[in-house]
Amino acid sequence: MSSPAPAVEVDGVTVRYGDVLALDGVTFDLAPGRVCALLGTNGSGKSTLFKALLGLVRADAGRVLLHGEPPQAARRGGLVGYVPQTEQVDWAFPVRVADVVMMGRYGHMGFTRRPRRADRAAVAAALERTGLTGLADRQIGALSGGQRKRAFVARGIAQGARVFLLDEPFAGVDAPSEATIVEVLRAMSGAGATVLLSTHDLARVPEYCDEAVLLQRRVVARGRPEEVLTPDRLMAAFGVGGGPQSPPVGGAVTAPALLGPADRGGEAA
Ligand SMILES: Nc1ncnc2c1ncn2[C@@H]1O[C@H](COP(=O)(O)OP(=O)(O)OP(=O)(O)O)[C@@H](O)[C@H]1O
Ligand SMILES: [Mg+2]
């Protein structure tokens, strides 16, 4: 056999919202076990791509497959764990942290959705893994931003997801929460899960990502993080980072300092 079948296949995906062309023929794939950063300015289509991967928006053209299955089937089969962008969740919804994580087990339960011992054990293990054991009974709306993100990661772990889609999991998250999330994701990828995450924190991408996709409605660059985060590319995509005085690659490290506040996503704004 040659290379393994892709875990994520995005093939010519175009999405329009009325007159707005959000994605234009986006094509890339990810092999199982890879951790990939999805990078791009505000409005470049990152959240839309996640929604297309989840089947939450309809593609006007192209298709996506997760382990060979269309999004709806992949979700029904519990293949996909999703951490939504913070702004897109109704935090007033009255539900406990343990309940959010238990939702990941629904696919494993019968139609009665009555948790069994194995479900409770999976939830307890996922809470432990993400450092949330002590907060299991807390309402999700009464958590900090970083704790909420970890609760969604825990849901994906309890679910046994093979593909993790995380839309700005580090926005507004402190260093210890970020470290916990990175550590958990690396462990999941070590066990064969595939991770696609969007972030505006470019400096850390080379540390924990195997590859990166730079999106600007289309795929502008694709490859190892240090190949994607070149000064020229950053200039083209963000309008920063280029020019003869710019440091060579590793120039990646200087990128966040160059990003204005408008380019930083999430709660911190
Ligand atoms: N529901 C919608 N209706 C109309 N236009 C939308 C809708 N959602 C997104 N858009 C537009 O589609 C484009 C892509 O938006 P998207 O949310 O995917 O970007 P993003 O890369 O996630 O940005 P950010 O970094 O700010 O989260 C933007 O121009 C946005 O205004
Ligand atoms: Mg977004």
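**Exercise 1. How many nonpolar, polar and charged residues does the shell around ligand 1 have, by class?**

Solution. Keep in mind throughout that this is a predicted model.

- Step 1: Find the shell. Ligand 1 is surrounded by 13 residues, and the closest are Y17, N42, K46, S47 and T48.
- Step 2: Sort the shell by class. There are 3 nonpolar, 9 polar and 1 charged residues around ligand 1.
- Step 3: Look for the elements behind them. At least two shell residues come from each of β2 (20-30) and α1 (46-54). The most are given by α1, with 3 residues.

**Exercise 2. Work out the strand order of the open sheet formed by 6 strands, and find its edges.**

Solution.

- Step 1: Walk across the sheet. The order is β5-β6-β7-β3-β8-β9, with mixed pairing.
- Step 2: Locate the edges. β5 (80-83) and β9 (218-223) each have a single partner strand, so one side of each lacks a neighbour in the sheet.
- Step 3: Check the twist. On average, neighbouring strands here are turned by 15° against each other, with direction ignored.
- Step 4: Zoom in on one pair. β5 and β6 (residues 163-167) run parallel and are joined by 4 bridges. Start at Y82 and you will find its bridge partner in β6, L165.
- Step 5: Add the helix. α1 packs on this sheet, where it touches β3 (35-39), β5, β6, β7 (194-198) and β8 (211-216). The direction of α1 makes about 150° with that of β6.

**Exercise 3. Describe the open sheet formed by 3 strands, and say how α1 lies relative to them.**

Solution.

- Step 1: Read the order. The strands follow each other as β2-β1-β4, and their pairing is antiparallel.
- Step 2: Name the edge strands. These are β2 and β4 (61-66), each pairing on one side only.
- Step 3: Note the twist, which averages 20° from one strand to the next.
- Step 4: Follow one pair. β1 (residues 8-17) and β4 are antiparallel over 5 bridges, and V10 stands opposite V64 in β4.
- Step 5: Place the helix. α1 lies across β1, β2 and β4, and runs at about 65° to β2.

**Exercise 4. Why is α1 largely enclosed by the rest of the structure?**

Solution.

- Step 1: Count the buried residues. Of the 9 residues of α1, 8 are buried, so the helix is largely enclosed by the rest of the structure.
- Step 2: List them. They are K46, S47, T48, L49, F50, K51, A52 and L53.
- Step 3: Compare with Exercise 1. K46, S47 and T48 also belong to the closest residues around ligand 1.
- Step 4: See what comes next. G55 follows α1 and has a positive phi, near 75°.

**Exercise 5. Are H67 and R113 buried, partly exposed or exposed?**

Solution.

- Step 1: Recall the background. Most residues other than glycine have a negative phi.
- Step 2: Look at the two residues. H67 has a positive phi near 50°, and R113, also not a glycine, has a positive phi of about 55°.
- Step 3: Place them. H67 sits in the loop between β4 and α2 (71-76), while R113 is in the loop between α3 (97-103) and α4 (117-129).
- Step 4: Apply the cut-offs. A residue is buried with 20 or more other C-beta atoms within 10 Å, and exposed with 12 or fewer. H67 has 18 and is therefore partly exposed. R113 has 11 such neighbours, so R113 counts as exposed.

Definitions and conventions. Residues numbered from 1 in each chain as written. Chains lettered and ligands numbered in written order. Predicted model: local features only at pLDDT ≥ 70, side-chain atom pairs only at ≥ 80, totals over all residues. Near = placed C-beta within 6 Å. Nonpolar A, V, L, I, M, F, W, Y, C, P; charged D, E, K, R; others polar. Pairing = 2+ DSSP bridges. Axes fitted to C-alpha atoms, helices over the stretch in contact; angles between N-to-C directions. Contact = placed C-beta atoms within 7 Å.
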